[in-house]
Amino acid sequence: VTRIPKVSDLVIRNARLIEQEDLVDITLRGNKIVDIGRRKRRDSTEYVDADGKLTLPGFIDSHMHLDKAMSGGEKKWTTNTCIEARKIQRDEKPKFTLEDVKERARKAVEMALTNGTTAIRTHVDIDGVVGLMPLKALLELKDQLSNWMNIQVVAFPTEPLTTSKTGKSLLRKAMMMGADVVGGVPVNDPDPKEYVDSIFSIAKEFEADIDLHIDECNDPKDLLLEYYAEKTLKNRYQGKVSASHCSSLSAVGNETALRIIRKVRDAEISIIVNPLTNLYLWSGNGRPNGVSRVRELLDEGITVAYATDNTMDPFNPLGNADMLLAALFLAYLKHLGNGTLTTVLEMGTNNPARITKMVQNYGIKKGGRADIMILDALNPQEAITRQAKRLYVFKNGRIVAKGGVLTVESEILDACAKATKDQRNFLC
Ligand SMILES: [Zn+2]
């Protein structure tokens, strides 16, 4: 029996789900998908006609740096290497203010949303220069933008932990302030292994998941992933750990790589690759690629996601927060043509949903979260190859972008302005 939708429902008619023959109607109510199936009776319910186009859950961008987005001015165009990018970023940081971080981050969120991303895991620098200010900015923004974007905040200590007096206490404070995930970059520490140990002990105090920048140097000598996997097992932290980048895995021989990949599998570590930033940084270094062994990881049953990483900052001045562009580059770099483009889209949707656990009931199914995009394409091949237009983006059951244009910007600005005013009143 077909339930007659209430007037407040919104129906997406003639949606084409991935690898399904028949078109379906999807009924949205509030932030939920309440019904999904063959053509419903046509009544006066508000509807959007998908016209047989590919309809997917919104992208989940599981690795961004919203605090750095659109920073670096003209200087950001002069970087060739990761070290240069870091230096420019460091010189810029004293200029950061709470309002400036929030404004740049909000603009990056708006770009991502327009591109079909409905949830973001962002790393946020915490260090001796900016302290916890950008983290505070992102936690506020997470709250203010919750109607339009799920934001998960990773506390990202960028300085040494083992030799610093304040590093660990700063990270603990960040977690107490409300950061969701423990992050970090062990290569910046004189003792990367001890750094990893410290990360596990702090994460366990807060029962938080971990997501470290691992082996981004794309250097066979720099290989911490194996130790990270061993520590994950030792700490019984399976299923709670992800490793971002893992570039060096592509720089070592097959035998070593396979040994490490199997440990990663046993430790149930997920891998998040960032093709755009790594390509930009490593082509400047004269080393190809810098993207991990995606095929081999997938073959071992490891959950692999890709993400956009940097948005118009010194690490990637070309970054545009577009998961479909990252999908195309990933497909190029890893030769993922032959029958694997559906998998590529999974790596930008369902896989990061599993990794981040940040969206309840993610996916196009009855009872699923109504975060949906309609692409101007019939299948994954067409979507990626033609960089299909995002015809509609729905967040929490509402249209937020249409034909590549954000339709809720004034609402977002109002929410931010109101929050700032409330805060000022509170401070008075
Ligand atoms: Zn990163």
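**Notes on the predicted model**

1. Starting with the strand pairing late in the chain: β14 and strand β15 (residues 390–395) run antiparallel to one another, joined by four bridges. Across that pairing, I372 sits opposite F394 of β15. Bear in mind throughout that this is a predicted model.

2. β14 has another partner too, strand β5 (residues 55–57), again antiparallel, with three bridges between them. Here L56 has M373 of β14 as its bridge partner. As for the side chains of β14 (residues 372–375), I372 and I374 point one way, M373 and L375 point the other way, and all are buried.

3. Now to the sheet that takes in β1. Four strands make up an open sheet, ordered β3-β2-β1-β4, and the pairing is mixed. β3 (32–37) and β4 (46–49) are the edge strands, each pairing on one side only. On average, neighbouring strands of this sheet are turned by 20° against each other, ignoring direction.

4. One pairing in that sheet is worth a look on screen. Strand β1 (residues 10–15) lies parallel to β4, and four bridges connect them. If you want a residue pair to click on, take R13, whose bridge partner in β4 is D49.

5. Next, a helix pair. Helix α2 (residues 98–114) packs on helix α3 (residues 133–144) at an angle of about 50°, and their axes are 9 Å apart. That angle is why α2 counts as oblique to α3. The crossing of α2 past α3 is right-handed.

6. Which residues make the contact between α2 and α3? From α2 it is L98, V101, K102, A105 and R106; from α3 it is M133, P134, K136, A137, L138, E140, L141 and Q144. Sorted by class, the contact of α2 with α3 has eight nonpolar residues, one polar and four charged. The charged residues in this contact include K102 and R106 on α2, and K136 and E140 on α3.

7. Helix α6 (residues 225–234) is largely enclosed by the rest of the structure, because seven of its ten residues are buried. The buried ones are L225, E226, Y227, Y228, A229, K231 and T232. You may want to check E226 and K231 by eye, since both are charged by class and both are on that buried list.

8. What covers the buried residues of α6? The cover includes α5 (192–206), β10 (209–214), β11 (241–245) and α7 (254–266). After α6 comes R236, which has a positive phi, near 50°.

9. β11, one of the elements covering α6, is itself largely enclosed by the rest of the structure, as five of its five residues are buried. β11 runs parallel to β10, with five bridges joining the two strands. Within that pairing, L212 is matched with A243 of β11 as its bridge partner.

10. Also in strand β11 is H245. The backbone there deserves a second look: phi of H245 is positive, about 80°, although the residue is not a glycine. H245 is at 1% relative accessibility, so it counts as buried, the cut-off being under 20%.

11. A321 raises a similar point for the backbone. Its phi is near 55°, a positive value in a residue other than glycine. A321 lies in the loop between β13 (304–306) and α10 (323–333). Buried or exposed, then, for A321? Buried: the relative accessible area of A321 is 0%.

12. Last, a residue at the surface. E207 belongs to the loop between α5 and β10. E207 has a relative accessible area of 67%, so it is exposed, the cut-off being over 50%. Leaving aside residues up to four places away in sequence, E207 touches Y237 and K240. As for distance across the model, E207 and L10 are 197 residues apart along the chain, and 39 Å separates their C-alpha atoms.

Methods: Residues are numbered from 1 along each chain as its sequence is written. This is a predicted model: local features need pLDDT of at least 70, side-chain atom pairs count only at pLDDT 80 or more; totals for chains, interfaces and linings use all residues. Side-chain values use heavy atoms; hydrogens and water are left out. Axes are lines fitted to C-alpha atoms, for helices over the stretch in contact, and angles run from 0 to 180 degrees between N-to-C directions. Angles under 35 degrees count as roughly parallel, over 145 as roughly antiparallel, 65 to 115 as roughly perpendicular and the rest as oblique. A crossing is left-handed if the near helix is turned anticlockwise from the far one by less than a right angle, and right-handed if clockwise. Contact means heavy atoms within 4.5 Å. Two strands pair if DSSP finds at least two bridges between them. Buried means under 20% relative accessible area, exposed over 50%, partly exposed in between (1.4 Å probe, protein chains only).
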